[in-house]
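Here is a short report on one protein model. Take a look at the sequence and the structure first.

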Amino acid sequence: MGMFELGGMTLKWLFHKPATKQYPQVQVPPYPGRRGHIENDIQTCILCSRCVKGCPADALEVDRKNRTWSINLYRCIQCENCVRVCPTHSLTMSEELAGPTTHISAIVHTKPEDTSKKKVSKNDSSKQS
Amino acid sequence: MGKRSVIPFGPQHPVLPEPVHLDLAVEDEKVVKAIPQIGFIHRGLEKLTETHDYQNYVYVAERICGICSFGHSLGYCETIEQMMDVDVPMRAQKIRVMLHEISRIQSHLLWLGLTADAFGFESLFMHVWRLRENVLDIFEMTTGGRVILSINKVGGLVRDISDDVLSQVESKLVSLKDEYQQIEKTFLSNSSVKSRTVGVGVISHDQAENLGMVGPFARASHVNNDVRCLGIGGYRLLSDFVPILDTTGDCYGRIRVRCKEVVQSIDIALEMIRSLSSGSVSVDVKGPIPDGAQAVNLLEQPRGECFYYSLGNGTQYLERMRMRTPSSENLAGMVAALQGCDLADVNMIILTIDPCISCTER
């Protein structure tokens with residue numbers, strides 16, 4: 001009884017469009033809100049390290065001295081915790097999956113020097129002297 | 001009486017998705033004794049509560065096992081919420097039950113596919129796994145992940161699911177139910193399935209009770225230990241819940257229980273979607289866990305009852321976290337079921353018990 005029904009289903013699928021996609025020739029569009037990979041808009045990042053504290057996988061690193069923010073995508077588990085704790089919303093979760101790489105390395109973003117602040121501090125120091 | 005010899009089975013074996021080793025003492029073709037050995041994938045995840053913040057540990061808890069990942073994060077969060085006296089919003093509780101039942105569907109479908117593969121029914125295996133892909137699509141649509149969902153947090157959910165997405169989930173579940181019922185008929189009425197499973201690895205009702213078996217394995221021997229009946233957490237919201245029991249106690253009975261549980265879980269998920277009311281899905285939980293606070297929690301995972309215990313020490317870290325998982329309960333039953341069986345039936349019996357070694361060893 002069940003065998004005939006399964007046979008019918010199998011025959012139907014012989015003439016049906018395949019259930020699987022021929023990735024990577026055919027790309028599957030992501031569902032809205034898919035957790036792909038973390039991106040950082042370094043211009044708005046204030047290097048506060050809250051994301052580092054919130055990361056359960058120790059994938060993030062902030063070096064305030066050298067003004068760098070880095071992520072090791074091989075450690076990142078896409079939990080989105082850093083995005084939720086970021087006070088300036090500079091971290092976002094992209095729907096696209098991270099591309100393949102041939103070697104393991106961290107992605108490092110360097111925050112450019114804030115020239116306006118520097119001028120102010122110079123002026124301040126000259127006033128003091 | 002034939003000559004007794006020992007055949008090593010596992011830890012790497014085509015029928016085992018995860019590593020467990022069995023020493024099978026055989027006389028001719030009969031297994032007279034099975035000695036299990038575990039410990040190949042122990043990761044010390046309970047110890048990690050001492051170094052991970054209790055809020056961040058959710059992401060560790062859901063990595064205890066890939067198949068029951070949502071269940072572990074749910075069980076952990078409910079335990080911490082009990083310790084900290086947190087009232088989770090109604091909408092979050094219902095979505096949690098819905099997602100947990102859908103994760104039970106995917107776990108049972110994965111298992112049914114593996115079982116079909118184990119007795120050489122390739123087309124059935126492919127159809128079941130094709131259906132499972134639809135369930136994983138539901139996860140991706142609602143949570144953003146296909147296997148590790150990362151939607152639970154202490155105090156509720158990290159994201160809400162829109163009504164538009166929920167209606168899509170509802171229609172997907174309805175069409176899944178129709179298609180699944182055709183496959184279920186094959187599982188339950190096909191003669192080649194029955195010839196491999198009926199009367200194999202029988203566990204009686206008394207044996208199941210004495211060995212403390214849990215989950216579908218015990219329910220196939222007519223032992224009602226379904227934790228969902230107790231109405232813990234969001235399960236108290238179910239209008240009517242009748243556990244699925246079987247009296248045969250053999251491999252076929254276990255297949256029948258799981259087959260019927262898939263339909264039951266679809267019905268529960270649909271009930272939760274249809275009764276959802278609007279509102280928030282989380283409350284803020286801050287501060288350390290009170291010193292000496294304790295909580296216990298029970299959750300019906302796809303493989304059976306999982307027990308959680310936690311103890312706070314006045315900091316952001318837990319003093320102790322204990323999880324007693326269903327597969328570690330069922331290992332004694334597995335050894336009993338293997339005693340006296342044919343050597344050719346060993347893989348079928350191990351599969352129908354569905355041991356999850358990642359859960360067992362943590």
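## Confidence in chain A

What pLDDT does chain A average? The average is 81, and 85% of the residues of chain A score at least 70. Keep in mind that this is a predicted model.

Confidence varies along chain A. The high point is strand 2 of chain A, residues 60–63, at 91. The low point is helix 4 of chain A, residues 115–128, with a mean of 49. Over residues 119–129 of chain A, pLDDT stays under 50. For that stretch the model has 0 contacts beyond four places in sequence. Where pLDDT is low, the predicted coordinates should not be read in detail.

## How chain A is built

Chain A contains 4 helices and 5 strands. Along the sequence, their pattern is α-β-α-β-β-α-β-β-α.

Now look at contacts in chain A between residues at least 6 apart in sequence. Of these, 69% join residues at least 24 apart. Chain A has 129 residues, and 28% of them count as buried. Its accessible surface is about 9,200 Å². Carbon and sulfur atoms account for 56% of that surface.

## The largest pocket

Rolling a probe the size of a water molecule over the atoms shows where empty space is left. The largest pocket has a volume of about 1,200 Å³. It is lined by 32 residues. The closest to its centre are A:Ala19, A:Thr20, A:Lys21, A:Val28 and B:Glu133.

Which helix supplies the largest share of the lining of the largest pocket? Helix 4 of chain B does, with 9 residues. This helix spans 122–143, and helix 1 (2–14) of chain A also gives at least two residues to the lining. By class, the lining of the largest pocket holds 13 nonpolar, 10 charged and 9 polar residues.

## The second largest pocket

The second largest pocket has a volume of about 690 Å³. Its lining has 28 residues. Nearest its centre lie A:Asn81, A:Val85, B:Asp53, B:Gln55 and B:Asn56.

Which elements give two or more residues to this lining? From chain A come helix 2 (50–54) and helix 3 (81–85). From chain B come helix 1 (57–61) and strand 4 (152–153). Helix 2 of chain A gives the most, with 4 residues. The lining of the second largest pocket divides into 11 nonpolar, 9 polar and 8 charged residues.

Terms used: Residues numbered from 1 in each chain as written. Chains lettered and ligands numbered in written order. Predicted model: local features only at pLDDT ≥ 70, side-chain atom pairs only at ≥ 80, totals over all residues. Heavy atoms only, no water. 1 Å grid on protein atoms, 1.4 Å probe; cavity = no way out; pocket = protein on both sides within 12 Å on 5 of 7 lines; lining within 4 Å. Points joined across faces, edges and corners; volume = space filled by probe spheres on them. Nonpolar A, V, L, I, M, F, W, Y, C, P; charged D, E, K, R; others polar. Buried < 20%, exposed > 50% of the residue type's maximum accessible area, 1.4 Å probe, protein only. Contact = heavy atoms within 4.5 Å. Areas by Shrake-Rupley, 256 points an atom, 1.4 Å probe, with all protein chains shown as cover. pLDDT = per-residue confidence, 0-100.
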